[in-house]
Amino acid sequence: MHEQHGTADRGGAVWVLVITSVAGFMAALDNLVVTTALPSIRESLGGGLEDLEWTVNAYTLTFAVLLMLGAALGDRYGRRRLFMAGLTVFTAASAAAALSPGIEELIAFRAVQGVGAAIMMPLTLTLIGHAVPPERRGAALGVFGAVTGVAVASGPLIGGALTEHISWEWIFWLNVPIGLVLLPLARLRLTESYAPKAPLDIRGTVLVSAGLFGIVYALVNTASHGWTSPPVLTGLIAGAVLLGLFVRHGLRAENPMLPMRLFRGRAFLGINAASLLMFLGMFGSIFLLSQFLQNGLDHSPTEAGLRMLPWTGMPILVAPLAGYLSDRFGGRPVVVTGLVLQAVGLALFALIIDPGVSYLAQLPALIIGGVGMAMYFAPAASLVLSSVRPAEQGIASGANNALREVGGALGVSVLAAVFAAQGGYGSPRLFVDGTMPALWIGAGAVALGALVALLIPGRRSAGRPTPEPAAPGPVEPEQGNPGQESRPVAV
């Protein structure tokens, strides 16, 4: 692939890292920042469980399905240009979300936010790879990963604090001044670069977008319409058919957005299936537990965010140890152990959840789940990248990012459907009655992910350093590196 490169001195590389890290912080933050604000949004704008699900999933779905298309558009039409376009869309949609007069408008603007993030996020890594010399690229990507990791960990706390002390609208207003500062800096400090022959897969994007929308639409509407109702059955069947056509397209097309041949490798299949199941169980559980801490235990939004930190913030503390263990013993045992611990944490929470449960009783579940999350994240990027040839690392990491986001959207939909069938918002007891079986489903999904991760071959393909691309230029980060993004994603 022909690359047109600019030159960037050391100072220029620092500016690129600052600009892209702050942009990545915003996009990662918006995956989880809304969770602790959901009860306040419901009280302010009205709407039921389905509307709250879409408030989260509208962002997650558009982000997931447009992620790889956004990277390809940047390669073809200019990475700086598309990064600025994505940042502009994200910032404007954030302001519109804050001004939303009703829940339907908020959902629509959340979807537009996801479009902006899908263009912006993969290009942050490509811009870093273009500006930073190969010998310093690992350190730069490490800084980027740490910043976005802090965004994920602090999302519920920031959302809770802003909601309680100002208003829920400020979780979106927060992005506006940051975006307005970043835009002129990006124009002045980022160097334009291209990969003009990058293929665009419009057909694949349309198929996967429509298919996933159909499935999620059906799951979200099961509570109000029932599993056998025409809207639900239509969504499930049409979505399944469209996803089947997407798979067929990925097998036959010359340059598909997701080449299905990659899944013939046990390592690629294992880590991606495990990632989807991990996010399904984890993201869906965070959606319910962040509300349980307020609706079930009567905590304020800030208190709820603080109480979730042992879970969401644990990767910051444990990731270095998990990385060491991955280097020592290989990636597979660390990932499998992490998934088992995350499943145990969710199961423990399902066992102790009650309207009067003390925080001391919750701590073991939160800490064990947080340690498990950290042990999964640390080696996941290496396993993804080492499962394919160097020239395929961009598409592989982009695919893993997208599948994780899809898992998060499905998790919110599936666990909320279980919650709605067994409980509701009427009282703390009803909320617990719905949340407990949903947590068991989440724990089961993550445990299944641990079993699937056993497909990954042993040390032969795990834990070794990512090979440098043979061709000049930032091949590795072109579609986004999931390990650097570090989010439960998210958002």
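1. Let me start with a pair that may catch your eye: Arg110 and Asp30 are both buried. The two form a salt bridge, and their closest N and O atoms are 3.6 Å apart. This pair links distant parts of the chain, since Arg110 belongs to helix α5 (residues 103-131) and Asp30 to helix α1 (residues 10-32), with the two positions 80 residues apart. Please keep in mind while reading that this is a predicted model.

2. How many salt bridges does a search of the whole structure find? The count is four. Besides the buried pair, two more are worth a look, and they are taken up in the next points.

3. Asp354 pairs with Arg429 in a salt bridge whose closest N and O atoms are 2.9 Å apart. Asp354 sits in the loop between α16 (331-352) and α17 (359-386), while Arg429 is in helix α19 (residues 428-453), so this bridge ties together parts that are 75 residues apart in sequence. As for accessibility, Asp354 is partly exposed, with a relative accessible area of 32%. Arg429 is also partly exposed, at 38%.

4. Arg429 has a further partner in Asp433, with 3.6 Å between the closest N and O atoms of that salt bridge. Here both residues lie in helix α19, four residues apart, or about one turn of the helix. Asp433 is partly exposed, and its relative accessible area is 32%. Through shared partners, the salt bridges join Asp354, Arg429 and Asp433 into one network.

5. Now to the nonpolar interior. The largest nonpolar core has 136 residues, and those with the most contacts inside it are Phe83, Phe287, Phe292, Trp311 and Leu339. Which helix gives the largest share of this core? That is helix α12 (residues 266-296), which contributes 16 residues. Another core lies apart from it and has six residues, among them Met314, Val318, Ala374 and Met375.

6. Phe83 deserves a closer look of its own. Not counting residues up to four places away in sequence, Phe83 touches Ile19, Ala23, Met120, Leu123, Thr124, Leu127, Ala186 and Leu190.

7. Ile215 is a handy residue for checking how two stretches of chain come together. Ile215 lies in helix α9 (residues 202-220) and is buried, with a relative accessible area of 17%; the cut-off for that label is under 20%. Leaving aside neighbours within four places in sequence, Ile215 is in contact with Gly235, Leu236, Gly239, Ala240, Leu243 and Leu410. For one of these, Leu236, the C-alpha atom is separated from that of Ile215 by 5.0 Å, although the two are 21 residues apart along the chain.

8. Finally, a word on the surface. Leu233, Ile237, Val241 and Leu245 make a nonpolar surface patch of about 340 Å². Ile237 is placed in helix α11 (residues 230-252). Why does Ile237 count as exposed? Its relative accessibility is 55%, and exposed means over 50%. If you are viewing the model as you read, Ile237 from this patch and the buried Ile215 make a good pair to look at side by side.

Notes
Residues numbered from 1 in each chain as written. Predicted model: local features only at pLDDT ≥ 70, side-chain atom pairs only at ≥ 80, totals over all residues. Heavy atoms only, no water. Patch = residues over 30% accessible without salt bridge, like charges linked within 9 Å, V, L, I, M, F, W, Y side chains within 5 Å. Areas by Shrake-Rupley, 256 points an atom, 1.4 Å probe, with all protein chains shown as cover. Salt bridge = Lys/Arg side-chain N within 4 Å of Asp/Glu carboxyl O. Buried < 20%, exposed > 50% of the residue type's maximum accessible area, 1.4 Å probe, protein only. Core = buried A, V, L, I, M, F, W, Y, C linked by side-chain atoms within 4.5 Å. Contact = heavy atoms within 4.5 Å.
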